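Student: I am new to this structure and should like to examine a single part of it closely. Could you choose one region and describe how its surroundings are put together?

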Amino acid sequence: MTYSLFAARAVVGAAALALIALAALHILKPDIHPFRTMISQYALGRHGWVMALCFAAFGVASGCLFGALIAHVPSLLGRIGLAFLLAAAVGLAMAARFPMDAVSTPREQMSFTGKMHGVAFMMGVPCQILAVLLLSLALGNQTAYVSLPLLALTAVVWLSLVVMIAIMLIVGPGKPPNPSGPERFLGFPNRLFMVAYGVWLVVVAWPMAR
């Protein structure tokens, strides 16, 4: 078994594990409303380790995809995309290691772990969207990938993030919660973002994993 084949199969396995763990959390923690809350809140309290496993599996899948693709993406665009992918893997690993604080925690009272989770978010998410875009463009002309829906998945990843950011800007920091406001939809684009990213990882790795 070649290194690329092993790494690609590890991507498929790790991404599948991450998606299964994320789905399982909706059953294990039914008290958390999936449309109103970000997935990071699953890391708090009982079964929090499952959310850590989910983030860690996403990080492993991203790192293994970096290893699988490094010999197959010779272009400058692809190399830049790989650098962002590796940084995304680090950000996801940090999110697994450092769970968020409770949402009600004032900024000045945030723990070191909560602050590091914020760093992980600010590092991981931009690197994820840039890696998806640049690598999809770099791989789009290769025979093994030309028929795959890489750009469609890229559009879903970017659109879900745009919607998530738009809701955050409308809600704004320091504003009182409004159960009827746009924040009641914040969880949906957050979940869609991670699911689309996980599917993208599998789709990119699949031609090398067969």
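**A helix and its surroundings**

Tutor: Apart from residues up to four places away in sequence, threonine 37 touches Ile32, Gly187 and Arg191. The model is a predicted one. Two of those partners, Gly187 and Arg191, fall within helix α6, which covers residues 187–209, and it is this helix that I propose to follow.

Let us begin with threonine 37 itself. This residue is placed in the loop that joins α1 (3–28) to α2 (48–69). Its relative accessibility is 13%, and threonine 37 therefore counts as buried, the limit for that class being under 20%. Its side chain also reaches the backbone oxygen of histidine 33, at 2.7 Å.

The loop between α1 and α2 also holds histidine 47. Here the relative accessibility is 21%, so histidine 47 counts as partly exposed. As a general matter, most residues other than glycine have a negative phi. Histidine 47 is not a glycine, yet its phi is positive, at about 65°.

We may now turn to α6, where phenylalanine 188 is found. With neighbours within four places in sequence left aside, phenylalanine 188 is in contact with Pro34 and Phe35. Its relative accessibility of 46% means that phenylalanine 188 counts as partly exposed. Between phenylalanine 188 and isoleucine 170 there are 18 residues in sequence and 16 Å in space, taken from C-alpha to C-alpha.

How does α2 pack against α6? The angle between α2 and α6 is about 30°, and their axes are 10 Å apart. Because angles under 35 degrees count as roughly parallel, α2 is described as roughly parallel to α6. The crossing of these two helices is left-handed. On the α2 side the meeting involves Phe58, Ala61, Ser62, Leu65, Ala68 and Leu69. On the α6 side stand Met194, Tyr197, Gly198, Trp200, Leu201, Val204, Ala205 and Met208. Taken by type, the residues of the contact of α2 with α6 comprise 12 nonpolar, two polar and no charged.

A further partner of α6 is helix α4, residues 112–139. The helices α4 and α6 pack at an angle of about 35°, with 12 Å between their axes. The crossing of α4 and α6 is left-handed. From α4, the contact draws on Val125, Gln128, Ile129, Ala131, Val132, Leu135, Ser136 and Leu139. From α6, Phe193, Met194, Tyr197, Trp200 and Val204 take part. The residues of the contact of α4 with α6 divide into 11 nonpolar, two polar and no charged. Met194, Tyr197, Trp200 and Val204 of α6 are thus named both in the contact with α2 and in the contact with α4.

The last element to consider is helix α5 (residues 150–171), which contains serine 160. Leaving aside neighbours within four places in sequence, serine 160 is in contact with Pro189, Leu192 and Phe193. Phe193 has already appeared among the α6 residues that meet α4. Serine 160 has a relative accessible area of 2% and so is buried. Its side chain reaches the backbone oxygen of valine 157 at 2.8 Å.

Definitions and conventions:
Residues are numbered from 1 along each chain as its sequence is written. This is a predicted model: local features need pLDDT of at least 70, side-chain atom pairs count only at pLDDT 80 or more; totals for chains, interfaces and linings use all residues. Side-chain values use heavy atoms; hydrogens and water are left out. Helices (H or I, at least four residues) and strands (E, at least two) are DSSP runs, numbered from the N terminus. Buried means under 20% relative accessible area, exposed over 50%, partly exposed in between (1.4 Å probe, protein chains only). A polar contact is a pair of N or O atoms within 3.5 Å; within protein, one must be able to donate a hydrogen and the other to accept it, and residues adjacent in sequence count only if both atoms are side-chain atoms. Contact means heavy atoms within 4.5 Å. Axes are lines fitted to C-alpha atoms, for helices over the stretch in contact, and angles run from 0 to 180 degrees between N-to-C directions. Angles under 35 degrees count as roughly parallel, over 145 as roughly antiparallel, 65 to 115 as roughly perpendicular and the rest as oblique. A crossing is left-handed if the near helix is turned anticlockwise from the far one by less than a right angle, and right-handed if clockwise. Ala, Val, Leu, Ile, Met, Phe, Trp, Tyr, Cys and Pro count as nonpolar, Asp, Glu, Lys and Arg as charged, and the others, Gly among them, as polar.
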